[in-house]
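Here is a small set of exercises to work through with the structure open beside you. Try each task before you read its solution.

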Amino acid sequence: MLQIQRNVSLKNFNTFGVDANAAYFVEINHKDELAELFMDPQWKHMGTLVLGGGSNMLLVNDFGGLVIRINIRGIEHRISQQDVFIDAGAGEVWNDLVNFCVIRNYAGLENLSLIPGSVGASPIQNIGAYGVELKDVFYSCCAFEVASGTFKTFSNADCKFGYRESVFKNELKGQYIIVSVKFHLSLIPNFNLSYGAIGQELAARGINEPTIKDVSQVVSYIRVSKLPDPSTIGNAGSFFKNPVIDAAQFAELQLRFPAIVHYPAPHNQVKLAAGWLIEQCGWKGKVVGHTGTWKNQALVLVNHGGATGEEVYSFSSQIIDSVYTKFGVMLQREVNIIS
Ligand SMILES: Cc1cc2nc3c(=O)[nH]c(=O)nc-3n(C[C@H](O)[C@H](O)[C@H](O)COP(=O)(O)OP(=O)(O)OC[C@H]3O[C@@H](n4cnc5c(N)ncnc54)[C@H](O)[C@@H]3O)c2cc1C
């Protein structure tokens, strides 16, 4: 029997640690409970918010609808020659899945070590780090369609993955609840060590022929040294996406700002480092009221204690304005704004 709670504080359910209440709250432990939940028409017509680990959202206000916390567990694995197929429940903690694979020498997730959050949220923004994105290892996912009450399987192509994008953030936004994700890994590593910091750290440890575990440990080490730990200081990782601009606009910017940090992007475009742009506007390490940017990485907005979602949101708007004024580049928020 589903337990629907009323007026639940979400403070401990979001890594920003902002206080906001959910009018209704339910935890889903099995996929069939979703059908049971939506049999009651009142939930179909009420605003819903699907919640995993709350590590990629900013709760700007109280949420007047039903918060659905996904806690569907279970990891199954199958080996076929050199291929490994993993089926994981949406409520599994992402890094637990990474560790599950690393200790069994299943290759593919090691660069994505220590990303907070749940398995079910990983396709939503096609999580990525250190040159690897979810789409590189994603096979399919199973999702519940709220309108029809049925389950549908989405292939990699169906998900229309892009840089921090998927179909679930765009045309199908709010229509599906992911209940499990299937990954295609391998017994034979094909390491992506293109990020300088990984190679440097491996070299510093005297490792010439890294194992899957080595890469995972090095990635985790680099992340811990660069990013604030949400259990000590509230944050949601990178608050903004790295902007992608066309080559002509980039050429113009590079003339004015020769040191501009940039990376090649597909379709003759250029990706700029949002953290660098923000830093150039003087925001790095700034404290404004209860919020601010992280001292080591201006791309990360933090809650210094007691910040409201509104405060963080309005601070992020100030940053967007100043970057636009200086560079003519409009930053987009990566974090999901819930208002
Ligand atoms: C310190 C820190 C570092 C981070 N580093 C990275 C990084 O390197 N790379 C990266 O890509 N991200 C990073 N993030 C962001 C975050 O970890 C990921 O986006 C993660 O996938 C969010 O998972 P979650 O379960 O917390 O999602 P939530 O915040 O709970 O939800 C995020 C969005 O997904 C939706 N959603 C969640 N679960 C489901 C589901 N089962 N079905 C349908 N919709 C769902 C929610 O409604 C919401 O819109 C970082 C965050 C932090 C705090």
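The exercises below use a predicted model, and each solution goes step by step.

**Exercise 1. Find the residues that touch the most other members of the largest nonpolar core, and the helix that gives the core its largest share.**

Step 1. Start with the core itself, which has 45 residues; those touching the most other members are Phe-240, Leu-272, Leu-277, Ile-278, Ile-319 and Leu-331.

Step 2. Next, look for the main contributor: helix α8, spanning residues 309-327, supplies 6 residues, the largest share of this core.

Step 3. Now zoom in on Ile-278. Leaving aside residues up to four places away in sequence, Ile-278 is in contact with Phe-240, Trp-283, Ala-298, Leu-299, Ile-319, Val-323 and Leu-331.

Step 4. Finally, keep a second core apart from this one: it is separate, has 43 residues, and counts Val-98, Leu-109, Cys-141 and Val-181 among its members.

**Exercise 2. Decide whether Phe-315 is buried or exposed, and list what it touches.**

Step 1. Locate Phe-315 in helix α8.

Step 2. Apply the cut-off: buried means under 20% relative accessible area. Phe-315 has a relative accessibility of 1%, so it counts as buried.

Step 3. List the contacts beyond four places in sequence: Phe-315 touches Trp-283, Val-288, Thr-291, Gly-292, Thr-293 and Leu-301.

Step 4. Take one of these partners, Val-288. The C-alpha atoms of Phe-315 and Val-288 are 7.7 Å apart, while 27 residues separate the two in sequence.

**Exercise 3. Work out the strand order of the open sheet with 4 strands, and place helix α8 relative to its strands.**

Step 1. Write down the order, β13-β19-β18-β17, with antiparallel pairing.

Step 2. Mark the edges: β13 (234-238) and β17 (287-288) each pair on one side only.

Step 3. Check the pair β18 (residues 291-294) and β19 (residues 297-303), which is antiparallel and has 4 bridges. Here Thr-293 sits opposite Leu-301 of β19.

Step 4. Add the helix: α8 lies across β17, β18 and β19, at about 55 degrees to β18. Both Thr-293 and Leu-301 are in the contact list of Phe-315.

**Exercise 4. Explain why Asn-14 counts as buried, and find the backbone oxygens that its side chain reaches.**

Step 1. Place Asn-14 in the loop between β1 (5-9) and β2 (21-28).

Step 2. Compare its relative accessible area with the cut-off of 20%. The value is 5%, so Asn-14 is buried.

Step 3. Look at the polar atoms of the Asn-14 side chain: one lies 2.8 Å from the backbone oxygen of Leu-10, and one lies 3.0 Å from the backbone oxygen of Val-18.

Step 4. Beyond four places in sequence, Asn-14 touches Gly-54 and Leu-59.

**Exercise 5. Describe the two faces of strand β3, then list the closest residues around the ligand.**

Step 1. Sort the residues of β3 (residues 48-51): Leu-49 and Leu-51 are on the covered face, Thr-48 and Val-50 on the uncovered one.

Step 2. Find the neighbouring strand: β3 pairs with β5 (residues 63-70) in the parallel sense over 4 bridges, and Leu-66 is the bridge partner of Thr-48.

Step 3. Turn to the ligand, which 33 residues surround; the closest are Val-50, Gly-53, Ser-55, Ser-118 and Arg-223.

Step 4. Check ligand oxygen distances. A side-chain N or O atom of Ser-118 is 2.6 Å from a ligand oxygen. For backbone atoms, the distance is 2.8 Å at Asn-56 and 2.8 Å at Pro-116.

Methods: Residues are numbered from 1 along each chain as its sequence is written. This is a predicted model: local features need pLDDT of at least 70, side-chain atom pairs count only at pLDDT 80 or more; totals for chains, interfaces and linings use all residues. Side-chain values use heavy atoms; hydrogens and water are left out. A nonpolar core is a set of buried Ala, Val, Leu, Ile, Met, Phe, Trp, Tyr and Cys residues joined through side-chain atoms within 4.5 Å. Buried means under 20% relative accessible area, exposed over 50%, partly exposed in between (1.4 Å probe, protein chains only). Contact means heavy atoms within 4.5 Å. Two strands pair if DSSP finds at least two bridges between them. Axes are lines fitted to C-alpha atoms, for helices over the stretch in contact, and angles run from 0 to 180 degrees between N-to-C directions. A residue is near a molecule or strand if one of its heavy atoms lies within 4 Å of it. A polar contact is a pair of N or O atoms within 3.5 Å; within protein, one must be able to donate a hydrogen and the other to accept it, and residues adjacent in sequence count only if both atoms are side-chain atoms.
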